[in-house]
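Please open the model in your viewer and keep the sequence panel beside it. The stops below say what to select next and what is to be found there.

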Amino acid sequence: MTHNRRDFLKHSSALAGTAVASSLIAPLAASAAPAQTPRAKSRMKLRFRPYTLQLKHVFTIATSSRTTTPVVLTEIEYDGITGFGEASMPPYLGESHESATAFLSKVDLSKYENPFELETILRDIDALAPGNPAAKASVDIALHDVVGRLMRQPWYNIWGFDPRKTPYTSFTIGIDTQDVVRQKTKEAAEYKVLKVKLGRDTDKMIIETIRTVTDKPITADVNQGWKDRAAALNMLHWLKEKGVEMVEQPLPKEQVDDLAWLTERSPVPIIGDEGVQRLADIKKAVGVYSGINIKLMKCTGMREAHKMIVLARALGLKVMLGCMTETSCGISAASHLSPMVDWADLDGALLISNDVYDGTRIVDGKVTLSHRPGIGVRKLKG
Ligand code: MG
């Protein structure tokens, strides 16, 4: 048992409630000031700035192509400690630099006593405006980072997960020409699972091309690209024969009855992504999908994602943990939940050329957590 872990266990009762939790930070704050004149703790402050991620390759899915992704980087400062967060907003999901900065301008953290009041603070932020899940996640992540840093523990410890049990991440290959698909498959030699984007008329070509290079497991993401359930079922049987283990969102999310029909008959698990956003969607996913894809940017962050995993498990659903193109900040935040999931697709930071953080890394395809406190990130540049 490491010293850190012993220290954590000693304080683990602090997790039971905010009253006990706030008592934990008092000694930390006081120790920095003279004993007779304890200084007042500073209030929480939120800062944010827009940033544009550059993708290494043009990224094409069933519905769009792009070379950049807008993000907003957040920082929450509290009592001399800074926590980092991020909102990643692929254009087709409706959020933007403008919407996120407008939302974050409405967030006032100075009225809260301390960052351990996660439930209250995040409920209030969720109630500020409907939608804006990525902007909300950027506050949630930075707040979790501050709390973990105050506790001097990484979140996998706070949640009680074994960091050695992280999964291998899939590496995503977008829709492309035969030559590019072959090249990208070769370049992905390090990764143990490939995630393939399908949903156009090149589906069989893409799978067959990959199979000329490797026989490693494949997961497929159709991004709602198929429309007919009978044709989809035929395709699922074909994919199963080709070693495809699971398929995300084969039909449009609105075709609920067709999805339920397909899931009942499918030879591989069907995972809901576009059709399952937040905690409240999970009960409706039972019988429609075999499992759900949880992303921090869809569900408003780490706190709700954790609740979603617990509920999905209780309802017998499989769990996948996904991401957008994100810096290592968003990926690190999600990765602390990864010991709890069936599939991880946390390759978002590998697809960009201008990361701002170092944190969770992908080592020989495996999600490898940093042991730093909080979400485990370090800033690389301004
Ligand atoms: Mg997906």
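**Starting at helix H7**

In this predicted model, begin by selecting helix H7 together with its surroundings: the buried residues of H7 pack against strand E1 (45–60), strand E4 (170–173), strand E5 (193–197) and helix H8 (203–211). Within H7, which spans residues 178–187, the residues to highlight are Val-181, Lys-184 and Thr-185, the buried ones of this helix. Because these residues cover an arc of only 105° around the axis, they lie on the same side of H7. A general point helps in reading such a view: an α-helix has 3.6 residues a turn, so residues three or four places apart point the same way.

**Across to helix H8**

Select next Thr-209, whose place is in helix H8. Which residues does Thr-209 contact, leaving aside its neighbours within four places in sequence? They are Gln-178, Val-181 and Arg-182, and one of these, Val-181, is also among the buried residues of H7. Thr-209 has a relative accessible area of 2% and is therefore buried, since the cut-off for that label is under 20%.

**The magnesium ion**

Centre the view on the magnesium ion and display its protein donors, which are Asp-221 (OD), Glu-248 (OE) and Asp-273 (OD), lying 2.1 to 2.2 Å from the ion. Along the chain, the donors follow the spacing D-x26-E-x24-D. Colouring by secondary structure shows how one pair links distant parts of the chain, for Asp-221 sits in strand E6 (residues 218–221) and Glu-248 in strand E7 (residues 244–248), 27 residues apart. Are these two donors buried or exposed? Asp-221 counts as buried at 1% relative accessibility, and Glu-248 is likewise buried, with a relative accessible area of 0%.

**Where H3 meets H5**

Hide the ion and select helix H3 (residues 97–105) with helix H5 (residues 133–151), which pack at an angle of about 50° with their axes 9 Å apart. Since that angle falls in none of the ranges for roughly parallel, roughly antiparallel or roughly perpendicular, H3 and H5 are oblique to each other. The crossing of these two helices is right-handed. To see the contact itself, show side chains for Ala-100, Phe-103 and Leu-104 in H3, which meet Ala-135, Lys-136, Ser-138 and Val-139 in H5.

**Two loop residues with positive phi**

Staying with H5, step back to the loop between helix H4 (118–128) and H5, where Asn-132 is found. Its phi is near 50°, a positive value in a residue other than glycine. Asn-132 has a relative accessible area of 17% and is buried.

Then move to Asp-364, in the loop between strand E13 (361–363) and strand E14 (366–368). Asp-364 also has a positive phi, of about 50°, although it is not a glycine. Is Asp-364 buried or exposed? With a relative accessible area of 51%, Asp-364 is exposed.

**Zooming out**

Finally, return to the whole protein chain, in which there are 14 helices and 15 strands. Of its 382 residues, 56% count as buried. If you draw a contact map, counting contacts with a separation of 6 or more, residues 24 or more positions apart account for 69% of them.

Conventions:
Residues numbered from 1 in each chain as written. Predicted model: local features only at pLDDT ≥ 70, side-chain atom pairs only at ≥ 80, totals over all residues. Heavy atoms only, no water. Buried < 20%, exposed > 50% of the residue type's maximum accessible area, 1.4 Å probe, protein only. Helix = DSSP H or I, 4+ residues; strand = E, 2+ residues; numbered from the N terminus. Arc of directions from axis to C-beta. Contact = heavy atoms within 4.5 Å. Donors = N, O, S within 2.8 Å, 3.2 Å for Na, K, Ca; no water. Axes fitted to C-alpha atoms, helices over the stretch in contact; angles between N-to-C directions. Parallel < 35°, antiparallel > 145°, perpendicular 65-115°, else oblique. Left-handed = near helix turned anticlockwise from the far one by under 90°.
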